[in-house]
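Visitor: Could you take me through one part of this model up close, and then show me how the rest of the chain looks around it? I'd like the numbers along the way.

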Amino acid sequence: MKHLLNLLAAIALLVWGTHLVRTGILRVFGANLRQVLARSIGNRYTAAVSGIGVTALLQSSTATALIVSAFVGQGLITLPLALAVMLGADIGTSLVTVVFSFDLSWLSPLLIFLGVVLFISRSSTNVGRFGRVLIGLGLMLLALRLVSESTQIMVQSPVVQALLASISSDLLLEITAGALLAVLSYSSLAIVLLTATLASTGIVPIEMALGLVLGANLGSGLLGVLTTARSPVEVRHVPLGNLVFKCLGVAVAAPLVGFWLRDLRPYLGNEISTVVLFHLSFNLLMGVLFLGFIHPIGRLVMKVLPKPQRIASGRPHHLDPSALATPSLAISCAAREALHQADVVETMLLGILSVIRNNDLRLAEELRKLDDTVDELYSAIKYYLTKISREALGEEESRRWTDIISFTINMEQIGDTIERILIDIEDKKIRKGRSFSDAGMAEICELHARLIDNLRLGMSVFLNGSVRDAQKLLEEKARFRDLEHAYASSHLERLSGNTVQSIETSSLHIDLISDLKRINSHICSIAYPILESAGALAPSRLRSDVLATSKEPI
């Protein structure tokens with residue numbers, strides 16, 4: 001029993017080590033890996049090569065699948081090219097398996113020691129996160145040695161020997177078991193390494209080991225489908241296509257297991273080499289056979305999972321639950337949803353002028369209902385962001401997390417202000433049959449036009465993080481305030497001239513331009529985090545060397 005517990009603990013340590021490496025790499029290089037993938041996917045061959053490189057670093061084809069699936073969901077790459085990336089990703093993870101098959105246990109103490117020193121001394125930096133990766137690598141190597149030692153002792157037991165002698169190979173059962181183990185451990189890499197180690201000690205017959213390897217490959221494809229089960233249809237296309245490739249690959253490779261054992265095994269050396277090279281050959285065979293079929297498989301997947309006709313609604317479109325496993329990707333999803341929220345706010349803001357000009361009560365009611373949509377999107381984005389581990393974010397991503405929260409709060413408050421404006425227009429103007437003077441209406445139109453431009457500029461600042469555009473946005477804050485003061489004074493002059501229209505709408509006019517100024521302040525506040533991170537903000541004003549054209553206090 002003691003040796004069995006030691007074996008189970010070693011297996012758990014192996015799975016945990018792969019988790020540390022995968023999450024550590026994503027924390028250090030997550031955003032850069034996404035950029036590399038996005039830039040290198042030009043055709044099927046470069047896509048496959050980029051999949052090999054990124055997955056060799058991540059040590060997880062599932063993580064690559066989630067990243068690429070999000071790209072397809074965002075319309076950044078086509079489905080066939082994403083499938084090409086996944087064929088390369090499977091080759092990448094099998095190359096990592098070959099590297100780990102060598103006896104590198106002597107490196108384990110050094111990696112763990114260096115990793116712990118780096119992680120403890122600088123845990124909140126990328127250096128500390130890289131230390132986490134080193135710890136994971138060291139634990140994987142240590143776990144493989146412990147598995148080997150535990151199984152060597154167990155094989156000497158007469159009971160185990162009798163049990164092994166009674167086992168007969170059933171390829172279908174072995175494939176099923178391998179797939180189940182890969183799903184449960186969230187790592188086909190760990191299962192293939194474990195299988196190779198168990199085969200080297202004799203506790204798993206080599207025939208059974210190859211069946212488990214085929215199952216582990218099938219399980220990695222199934223894992224991607226399960227992980228994205230609740231995601232939008234566009235995101236689920238890539239894992240499903242990859243699973244189709246896996247099923248076809250297993251169907252082709254299963255009859256060749258006997259040939260591999262009979263004709264090739266004598267040239268491959270020990271059992272570990274036999275297992276890992278079979279794993280590599282399987283994925284190379286898949287890449288060679290299926291790289292030319294990415295378009296037909298893509299069309300098949302589109303038929304099985306057709307894109308739904310998207311109806312405009314206030315429901316979140318981009319908050320992909322499967323992306324939460326990749327924090328940098330989840331941040332990108334939240335940012336896209338925040339822009340969706342801003343689009344709804346822009347629709348509300350554009351509609352205000354039509355309500356004023358046409359006294360349209362029905363439109364006013366529809367626009368006020370959109371405020372509920374803005375509030376719902378704010379709640380959804382906020383809840384989604386709370387599910388992202390802050391510890392898993394780098395410094396830049398953590399700052400982006402804060403920017404998104406700030407942006408959505410401002411959009412929510414703008415929506416509330418617009419709703420209040422619409423109620424005032426209904427009560428004080430439309431239902432009482434009043435109208436603004438021509439001069440007053442011209443002032444409102446001028447402020448409204450500037451507000452629309454500033455909102456669009458604010459969305460651009462949020463999306464691109466341009467310091468120059470952020471500076472322009474804050475300059476607009478001062479200009480808008482000056483206009484508000486000037487138009488308030490003009491309105492008072494019209495009141496002194498006993499203009500009937502101005503007298504009747506005086507309260508509404510003053511409140512309206514004040515509310516528009518308040519909305520503009522919320523829009524301009526989008527610029528503060530960008531300028532602060534660039535060091536362009538002083539405690540109470542923009543630095544004069546940055547905004548030479550503006551003398552106004554902030």
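Visitor: Let's zoom in on helix α9: how many of its residues are buried?

Guide: Helix α9 is mostly covered, with 13 of its 14 residues buried. Keep in mind that this is a predicted model. The helix runs over residues 188-201, and its geometry checks out: 14 residues at 1.5 Å each should span 20 Å, and the end C-alpha atoms do sit 20 Å apart, so the two agree. Right after α9 comes Gly202, with a positive phi near 90°.

For a second helix to hold against α9, try α15, residues 327-358. Its 32 residues reach 47 Å from the first C-alpha to the last, close to the 46 Å you'd expect at 1.5 Å a residue. Of those 32 residues, 25 are buried, so α15 is largely enclosed by the rest of the structure. Here too a positive phi follows the helix: Asn359, just after α15, takes about 50°.

Zooming out, the protein chain has 22 helices and zero strands. Buried residues make up 53% of its 554 residues. If you look at contacts between residues at least 6 apart in sequence, 80% of them join residues at least 24 apart.

Burial isn't just for greasy side chains, by the way. Glu476, in helix α19 (residues 467-496), has 16% relative accessibility and therefore counts as buried, the cut-off being under 20%. Leaving out residues up to four places away in sequence, Glu476 touches Arg450, Asn454 and Asn520.

Now the outside. The accessible surface of the chain is about 24,600 Å², and carbon and sulfur atoms account for 60% of that. One nonpolar patch, about 370 Å², is made by Val252, Leu256, Phe259, Leu285 and Leu289. Phe259 belongs to helix α12 (residues 257-264) and is partly exposed, with a relative accessible area of 38%.

How far should you trust all this? Mean pLDDT for the chain is 80, and 84% of the residues reach 70 or more. Confidence is highest in helix α16 (residues 361-386), at a mean of 90, and lowest in helix α20 (residues 500-504), at 54. Over residues 541-554 pLDDT stays under 50, although the model has 29 contacts beyond four places in sequence for that stretch. Where pLDDT is low, the predicted coordinates shouldn't be read in detail.

Technical notes: Residues numbered from 1 in each chain as written. Heavy atoms only, no water. pLDDT = per-residue confidence, 0-100. Helix = DSSP H or I, 4+ residues; strand = E, 2+ residues; numbered from the N terminus. Contact = heavy atoms within 4.5 Å. Expected span 1.5 Å × (residues − 1). Buried < 20%, exposed > 50% of the residue type's maximum accessible area, 1.4 Å probe, protein only. Patch = residues over 30% accessible without salt bridge, like charges linked within 9 Å, V, L, I, M, F, W, Y side chains within 5 Å. Areas by Shrake-Rupley, 256 points an atom, 1.4 Å probe, with all protein chains shown as cover. Salt bridge = Lys/Arg side-chain N within 4 Å of Asp/Glu carboxyl O.
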